[in-house]
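Let's take a friendly walk around a ligand site and see what surrounds it. Have the model open as you read.

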Amino acid sequence: MSKYFNTRYAGLKQYVPGEQPRGKQYVKLNTNESPFPPTENVVEAVRQAVSSAHLYCDPDCRLIREEAARVYQVDYDEVLCFNGSDEVLSFAFAAFGQDGVAFPVLSYGFYPIFAAVNMVQGFPVPMGENMAIVPEDYYGLNKAIVIANPNAPTGQYLTPEQIEGIVKNNQKHVVVVDEAYIDFGGQSALPLIKKYDNLLVTRTFSKSHSLAGARIGFGFGNPELMRDINTLRCSTNPYNVSAMGQAAGLAALKENVYYITCCKQVAKTRDQCAKALKTLGFQVMPSLTNFLFVSHPGVKGEMLYKGLRAKGVLVRWFNQQDVRDYVRISIGSPEEMAVLLSALQDILQEEYHAKRVD
Ligand SMILES: *Cc1c(COP(=O)(O)O)cnc(C)c1O
């Protein structure tokens, strides 16, 4: 830290993303990206957008919002577009967090950091049994609430009725539902934005629509909530989504049906992989996402992570209380999952032999 850095940021811990290796080829199952590349239409749309990149992009993201409104059956003024959903999440902490923001202890690692950087107080809510989010624990907290649904890294899914319970019981504060993984099998709470003016739903195209690198996220909510968020957006960077990003997102939305099919394919691979992992003795948390959160009674999480890495497979390990024994495995192609399973089999064998020698 230089002597010039504002002291208010002195204790700030930055978010550490999963590694994006350059050079060595890994089977990359650590950041929940899609195994499907963008379609040719998306690539072509970006190519065309580049040719006008000497001009500023549309600060209102009009075309992509119109299409999003159509696809998600909301009004145009109920949706905004962002440079990834991390951006709208951070704005939400700033905009609605004045009484503090509550979120599950085991959830997206960015939430406590969004709280810190936006100078609002974060209130981690303990998990229930089996690392569950217990909806009633979030009733009447008198603070804003952020819940990832399905949750990461646990994979747990709450029904729209359970989400509605939380929203209904916190009408003096905004409830943010982070639906980064909703397209992998859950049912969205999106229709509820028409009924509750304190519900903000966020989505991202990073996982479901093969656009992690393009940075496309959405916020949905009552027009007044959207105006508040938009005030922060326009006071920070009105050109927050690049022309290429907008073009990519629009083209992907136009092929929404195809991307949903990809998500279904990923879900199928996930369920097959979960079965295979259980056969190897893994405990597998139920998941409606594009990842599996797993542990093994015979091998520590760190060993799994390091062992896999040595065999060319990247997964995510969180050195954090209660989840140290787990690794989070993104769902890739069936071929990639076969490599993972075979590497795990080897690790278990090696571990078994090492123990026999002792
Ligand atoms: C990946 C992820 C996001 C953010 O994704 P962006 O790439 O910024 O759109 C938000 N929330 C959760 C829970 C995620 O896993």
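In this predicted model, the shell around the ligand is made up of 4 nonpolar, 4 polar and 4 charged residues. Its members are Gly84, Ser85, Asp86, Leu89, Tyr108, Asp178, Ala180, Tyr181, Thr204, Ser206, Lys207 and Arg215.

Which helices supply at least two residues each to this shell? They are α3, spanning 85-96, and α6, spanning 205-208. The top contributor is α3, which gives 3 residues.

Some members of the shell also make polar contacts with the ligand, and three of these contacts are set out below.

| Residue | Protein atom | Ligand atom | Distance |
|---|---|---|---|
| Asp86 | backbone N or O | oxygen | 3.0 Å |
| Ser206 | side-chain N or O | oxygen | 2.6 Å |
| Lys207 | polar side-chain atom | oxygen | 2.9 Å |

Alongside these contacts, the protein covers 93% of the 390 Å² of accessible area that the ligand has on its own. As for where to look in the model, the ligand sits in the largest pocket.

Now let's turn to another residue, Pro112, which belongs to helix α4, residues 110-117. Is Pro112 buried, partly exposed or exposed? Its relative accessibility is 41%, so Pro112 counts as partly exposed, because that class lies between under 20% for buried and over 50% for exposed. If you would like to trace a distance from here, try Lys300: the C-alpha atoms of Pro112 and Lys300 are 26 Å apart in space, and the two residues are 188 residues apart in sequence.

Conventions
Residues are numbered from 1 along each chain as its sequence is written. This is a predicted model: local features need pLDDT of at least 70, side-chain atom pairs count only at pLDDT 80 or more; totals for chains, interfaces and linings use all residues. Side-chain values use heavy atoms; hydrogens and water are left out. A residue is near a molecule or strand if one of its heavy atoms lies within 4 Å of it. A polar contact is a pair of N or O atoms within 3.5 Å; within protein, one must be able to donate a hydrogen and the other to accept it, and residues adjacent in sequence count only if both atoms are side-chain atoms. Accessible areas come from the Shrake-Rupley method with a 1.4 Å probe; for residues, only the protein chains shown count as cover. On a 1 Å grid over the protein atoms alone, a cavity is a set of points where a 1.4 Å probe fits but cannot get out, and a pocket is an open set with protein on both sides within 12 Å along at least five of seven lines; lining residues have an atom within 4 Å of a point. A molecule sits in a cavity or pocket if more than half of its atoms lie within 2 Å of its grid points. Helices (H or I, at least four residues) and strands (E, at least two) are DSSP runs, numbered from the N terminus. Ala, Val, Leu, Ile, Met, Phe, Trp, Tyr, Cys and Pro count as nonpolar, Asp, Glu, Lys and Arg as charged, and the others, Gly among them, as polar. Buried means under 20% relative accessible area, exposed over 50%, partly exposed in between (1.4 Å probe, protein chains only).
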